[in-house]
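Subject: Structure handover

Hi there,

Here is the structure I promised to pass along. Have a look at it first, and then read on for my notes on what turned up.

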Amino acid sequence: MAALRPRPSRGALGLHDPRLTFDPDRERALGYLREFVPSDADQARARVQIMRWILAKQHPFERRQTDGHVTASALVIDAAGERALLTHHAKLDRWLQFGGHADGDANLAGVALRESIEESGIDDLVIEPRVVDVDVHTIPARGDEAEHLHLDVRFLVWAPEGAKPVKSEESHALAWVAADAQGGYALDPSVVRLFELARSR
């Protein structure tokens, strides 16, 4: 079995760590991105695009920035480092990592961890506060919401041993997926890339 990274580093943070508290200062997000080491040229371009967006837009972390906004997400890895927990997203009808809107918070590791806890139902997750991936993608128009960009900043999160996920209303289903069993889930290439990054770090 192709293993994922089996454990967090000593620098991993839990939900109540003060370093993850809400921070509206765009410099906090820029700091995460400045420290990020892109894995290839596409990642490097996406990193620059997100940083420029943060600097140029009036409300880069809020949904009222209707042409697009910065989001945060994370791949949740089990305690054995064998599987990642994915959500069958109710609105997008796809298997994805956990994540969501920053809603004004530039502390993107905190956003990713809170979204992962909320959507997985696992309270004691911990996050590596280093960006592992960035992805800029288009969200299609839906109802009154126009087509717009999500400029997603991504992290790795770990579940404790024996963690039991609980589906939220945002999911059709949750599934623990082994790295070598991704073919059964028709995953987006960016999610496959997250699995690869989790194996290589």
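Let me start with a polar contact: the side chains of Glu128 and Ser9 meet at 2.7 Å. Glu128 belongs to strand 6, and its relative accessible area of 5% means that Glu128 is buried. Please keep in mind as you read that this is a predicted model.

Now to the nonpolar interior. The largest nonpolar core has 38 residues, and the members that touch the most others are Val70, Leu108, Ile127, Val153 and Phe155. At least two residues of this core come from each of helix 1 (26–35), helix 2 (41–56), strand 2 (68–77), helix 3 (108–120), strand 6 (126–139) and strand 7 (148–158). Helix 3 gives the largest share, with six residues. If you would like one residue to click on, try Val70: leaving aside residues up to four places away in sequence, Val70 touches Ile50, Trp53, Ile54, Pro60, Phe61, Ala102, Leu108, Leu151 and Val153. Apart from this core lies another one, of 18 residues, and Leu4, Val177, Val191 and Leu194 are among them. As background, nonpolar side chains in soluble globular proteins tend to be buried together.

Helix 2 deserves a closer look. Its 16 residues reach 22 Å from the first C-alpha to the last, close to the 22 Å expected at 1.5 Å a residue. Buried in helix 2 are Gln43, Ala46, Arg47, Ile50, Met51, Trp53 and Ile54. These residues sit on the same side of helix 2, because they cover an arc of only 155 degrees around the axis. The face turned away from that buried side carries the exposed residues Arg45, Arg52, Leu55 and Ala56. What do the buried residues of helix 2 pack against? Their partners are helix 1, strand 2, strand 6, strand 7 and helix 4 (189–200). At the N-terminal end, helix 2 is capped by Asp40, which has a side-chain oxygen 3.1 Å from the backbone nitrogen of Asp42.

Helix 4 can be read in a similar manner. At 1.5 Å a residue, its 12 residues should span 16 Å, and the end C-alpha atoms are indeed 16 Å apart. The buried residues here are Ser190, Val191, Leu194, Phe195, Leu197 and Ala198. Their arc around the axis is only 165 degrees, so they lie on the same side of helix 4. On the face turned away from the buried side of helix 4 you will find the exposed residues Pro189 and Ser200. The cover over the buried residues of helix 4 includes strand 2, strand 3 (83–89), strand 4, strand 6, strand 7 and strand 8.

Next, the aromatic rings. How many aromatic pairs does a search of the whole structure find? The search finds two. One pair is Tyr32 with Phe155, in an edge-to-face arrangement with 5.7 Å centre to centre and 85 degrees between the planes. This pair links distant parts of the chain, as Tyr32 is in helix 1 and Phe155 is in strand 7, 123 residues apart. Both Tyr32 and Phe155 are buried.

Trp95 and Tyr185 form an edge-to-face pair too, at 5.1 Å centre to centre and 90 degrees between the planes. Trp95 lies in strand 4 (residues 95–96) and Tyr185 in the loop between strand 8 (171–178) and helix 4, so this pair ties together parts that are 90 residues apart in sequence. Trp95 counts as buried because its relative accessibility is 17%. Tyr185, at 24% relative accessibility, counts as partly exposed.

Finally, two single residues to look up. Gly143 is in the loop between strand 6 and strand 7. With 78% relative accessibility, Gly143 counts as exposed. Its C-alpha atom is separated by 35 Å from that of Arg130, although Gly143 and Arg130 are 13 residues apart along the chain. Ile77, by contrast, is buried, with a relative accessible area of 0%. Ile77 is found in strand 2. Between the C-alpha atoms of Ile77 and His172, which are 95 residues apart along the chain, the separation is 20 Å.

Happy browsing, and best wishes!

Methods:
Residues are numbered from 1 along each chain as its sequence is written. This is a predicted model: local features need pLDDT of at least 70, side-chain atom pairs count only at pLDDT 80 or more; totals for chains, interfaces and linings use all residues. Side-chain values use heavy atoms; hydrogens and water are left out. A nonpolar core is a set of buried Ala, Val, Leu, Ile, Met, Phe, Trp, Tyr and Cys residues joined through side-chain atoms within 4.5 Å. Buried means under 20% relative accessible area, exposed over 50%, partly exposed in between (1.4 Å probe, protein chains only). Helices (H or I, at least four residues) and strands (E, at least two) are DSSP runs, numbered from the N terminus. Contact means heavy atoms within 4.5 Å. The expected span of a helix is 1.5 Å times one less than its number of residues. The arc is that of the directions from the helix axis to the C-beta atoms. A polar contact is a pair of N or O atoms within 3.5 Å; within protein, one must be able to donate a hydrogen and the other to accept it, and residues adjacent in sequence count only if both atoms are side-chain atoms. Rings of Phe, Tyr and Trp (its six-membered ring) pair if their centres lie within 6.5 Å; planes under 30 degrees apart count as stacked, over 60 as edge-to-face and the rest as tilted.
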